[in-house]
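Please look at the structure below with a first-year student in mind. The questions and answers that follow take up a helix, a sheet and a pair of helices.

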Amino acid sequence: MGNIWADYDAIDLCEERYGLAEGRIREIAAELGAAGTNSTAGEGKETGMPGADPNAAHPLPEAFKAFFRDTASFIAELCGIRASLKSGYYDSHPEKWPEMNRRMYEDILPDHYEQSFANPACAERMLGADFGSLLCFLYTQERGLIAYVFEDKVEELAAHMELFIQVYGLFAEGLPKPEDVRETLYWFESDNTDVILRNRIRGQIDPACDDAVYTLMTLDTNDPASLYRSGEYITENELRTFRYLASLPEAEIQRMADTFTEGYREGFILGEKPLYKKRTVSLIYHAGFERMMQAAVRNFLKMGLRPTIVRCGVSAVTGMSRTGGFTGASPNPQYDYDHREDAALFLDSRFVERKLEVTEAVYGEFLEQAHRYGGPAVLEVFGEPPFAPVSKKEALKYSEKQQALSVKLKNETARIVNDAIYGQERSFTVISFPVPTIDEERYEEIFRETMKVNTLDAKKYSAIQQVMIDTLDKGTKVHILGRGKNRTDLTVQLWRLQDPAQETIFENCGADVNIPVGEVFTSPVLKGTDGVLFVSQVYLQGLSFRNLELHFKDGCITDYSCSNFETEEENRAYIEENILFHHKTLPMGEFAIGTNTTAYAMIQKYQIGPKMDILIAEKTGPHFAVGDTCYSWDEDNVTRNPDGKKIVARENDFSRLRKEDPSKAYFNCHTDITIPYEELGLIEVENEDGSWRQAIIRDGRFALEGTEELNGPLDMDASGMACESDPIKVG
């Protein structure tokens with residue numbers, strides 16, 4: 001550690017910068033005629049700014065005055081909230097939390113977004129093409145102050161406030177040159193990468209950064225107002241989830257936490273990885289599940305693991321994503337979608353090198369912590385209304401050159417991270433639960449059903465899946481056909497076993513890293529994997545795809561289409577961005593057969609397919625992942641199925657290049673696409689010349705002898721209830 005007094009001096013300096021910036025921003029708001037939010041510490045009230053003259057002369061056009069006035073007022077209000085938080089005002093007046101939370105996010109909520117400067121279309125309409133995207137970017141980055149206020153990150157606060165003042169200064173005498181504004185924004189992002197990126201990386205791997213964990217563990221799980229202390233957007237979804245978990249007996253909460261943390265531990269055991277070397281686990285979860293997370297923290301501590309918690313990204317430097325960290329509700333998915341490529345404003349070769357240098361330096365500084373980091377434990381939620389985005393021409397988008405740079409940045413970052421954290425020694429676990437919007441009336445019932453699905457008897461499924469694997473291991477390819485309107489006609493080429501007595505092609509997947517149980521999967525041989533994959537409707541990363549069609553030749557995507565937008569150009573761009581992730585093509589990294597018919601029956605019973613999380617949905621039919629294999633960065637680690645056989649199908653023609661050129665070996669994406677049973681005509685394994693073949697699934701039902709009992713949940717009565725004879729019981 002550095003000199004502690006130097007650290008205090010640095011904090012004092014940042015506080016001084018912050019105070020000066022706050023004063024200037026309040027002056028700007030007054031200059032432009034804002035009513036202001038001069039919140040007094042401990043009082044939590046708003047007062048007007050004296051001396052403001054709304055009619056005062058100013059060289060800026062009215063739209064620009066409105067932008068700087070609104071942004072200055074927003075920042076000033078956040079400064080007032082910070083003062084009130086420090087004084088304990090909101091803890092003394094908990095009834096004030098909801099209104100404060102709403103105000104912070106009000107302008108990007110759907111009802112107000114069309115008139116918000118955070119909306120690229122509105123910003124360009126109001127400020128013109130030259131300045132619209134620049135000032136929209138600035139305002140969006142200033143919105144990240146919400147997180148910095150609640151985490152009390154004064155250095156980031158001061159820096160972003162100073163950026164606003166600097167940009168405002170460019171407009172002091174009228175409209176500047178747009179390139180001057182762009183340069184200012186560019187150098188801010190570049191200069192502050194070391195601060196923003198360092199804090200995020202360290203927060204994930206260094207258990208000494210435990211402020212968020214302390215906040216979690218001291219939170220009152222009987223008081224829903226506790227949720228507002230994070231600063232994340234809180235809706236009835238989060239509040240009702242919180243209240244429901246508060247109503248459950250302690251044994252049920254412990255059962256949920258045990259399923260979660262045991263999945264993590266089992267991942268290390270089954271992967272033959274050294275958990276004893278690890279000291280840290282990062283928790284990623286959604287607001288509302290704090291009571292379960294408290295129990296999970298206690299479980300991890302008993303394993304010798306200290307949890308860390310970081311918030312989802314709020315900066316263009318780290319990526320503005322609602323995944324990868326603790327999060328509340330999205331105020332507006334369209335806002336998230338509009339700003340997904342905001343880095344286009346500054347992404348060039350110079351910035352890529354800068355970010356890679358910082359990443360390598362931070363992991364070098366905290367190398368011991370990186371070595372002892374075990375990986376993430378993730379709780380996902382499902383049940384939010386399906387989102388079909390509007391593609392806006394005004395939104396910042398990567399150029400073709402920037403797309404290539406973003407791919408390079410991801411690949412090189414992954415290499416640095418893997419070298420520091422030892423990819424072959426880390427693991428993870430993921431579990432998911434519903435939120436109330438899945439069905440307002442039957443939410444608690446669906447939650448209980450999901451808990452049953454998450455705790456199904458893994459040994460029972462393992463035995464049935466082994467029957468399937470024994471048959472699949474005899475073949476050289478698998479043929480998949482859709483039925484009805486599903487146009488899937490696909491052949492997947494399988495590995496050739498050299499020693500069938502000791503080796504296997506498919507992994508018998510239990511309820512460890514991917515909860516719940518219910519799939520067998522393999523890495524296909526690319527050459528000979530040909531045909532068409534079609535799904536009538538699927539939700540990937542929270543985005544809807546209608547009539548998604550992917551064509552494969554020798555295992556790689558050669559063509560693609562969907563019907564989300566009016567033009568073919570828009571549909572192809574949608575797929576290129578959200579499935580291909582700007583790669584020219586992607587290989588089929590995984591072929592799997594989902595066996596969790598109990599989960600499928602639950603989905604059908606409650607008619608919640610469009611709201612279902614892929615983590616569960618992928619277990620309810622065959623699925624195909626495009627991108628990396630399931631064994632990326634882990635190909636050389638030996639793993640075995642419960643029968644002791646070594647899983648040999650761990651790489652493909654791309655990942656085989658990992659030792660000579662990692663930049664060509666990995667794509668750093670893995671997107672599962674599932675065909676539901678009702679759209680499935682046939683899954684058949686056969687040998688090379690077709691003289692032997694065996695149906696695994698026919699007309700949406702398991703056809704292989706020894707797997708028939710999986711059909712129990714599929715055979716529903718007229719009411720949509722699974723038959724009483726359902727043989728797949730919970731453990």
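Q: Which residues of H7 are buried?
A: This is a predicted model, in which local features need pLDDT of at least 70, side-chain atom pairs count only at pLDDT 80 or more, and totals for chains, interfaces and linings use all residues. Residues are numbered from 1 along each chain as its sequence is written, and side-chain values use heavy atoms, with hydrogens and water left out. Helix H7 (helices being DSSP runs of H or I of at least four residues, numbered from the N terminus) covers residues 132-143, and buried means under 20% relative accessible area with a 1.4 Å probe, protein chains only. The buried residues are Gly132, Ser133, Leu134, Leu135, Cys136, Phe137, Leu138, Tyr139, Thr140, Gln141, Glu142 and Arg143.

Q: Which strands stand at the edges of the open sheet?
A: Five strands (DSSP runs of E, at least two residues) form this sheet in the order S8-S9-S13-S14-S16, with antiparallel pairing, where two strands pair if DSSP finds at least two bridges between them. Each edge strand has a single partner strand, so one side of each is left without a neighbour in the sheet, and these strands are S8 (507-509) and S16 (670-674).

Q: Which residue of S16 is the bridge partner of Ala625?
A: Strand S14 (residues 622-627) pairs with S16 in the antiparallel sense over five bridges. In S16, the partner of Ala625 is Asp672.

Q: Is the crossing of H10 and H17 left-handed or right-handed?
A: Helix H10 (residues 178-191) and helix H17 (residues 349-365) pack with their axes 10 Å apart. A crossing is left-handed if the near helix is turned anticlockwise from the far one by less than a right angle, and right-handed if clockwise. The crossing of H10 and H17 is left-handed.

Note on methods
Expected span 1.5 Å × (residues − 1). Buried < 20%, exposed > 50% of the residue type's maximum accessible area, 1.4 Å probe, protein only. Axes fitted to C-alpha atoms, helices over the stretch in contact; angles between N-to-C directions.
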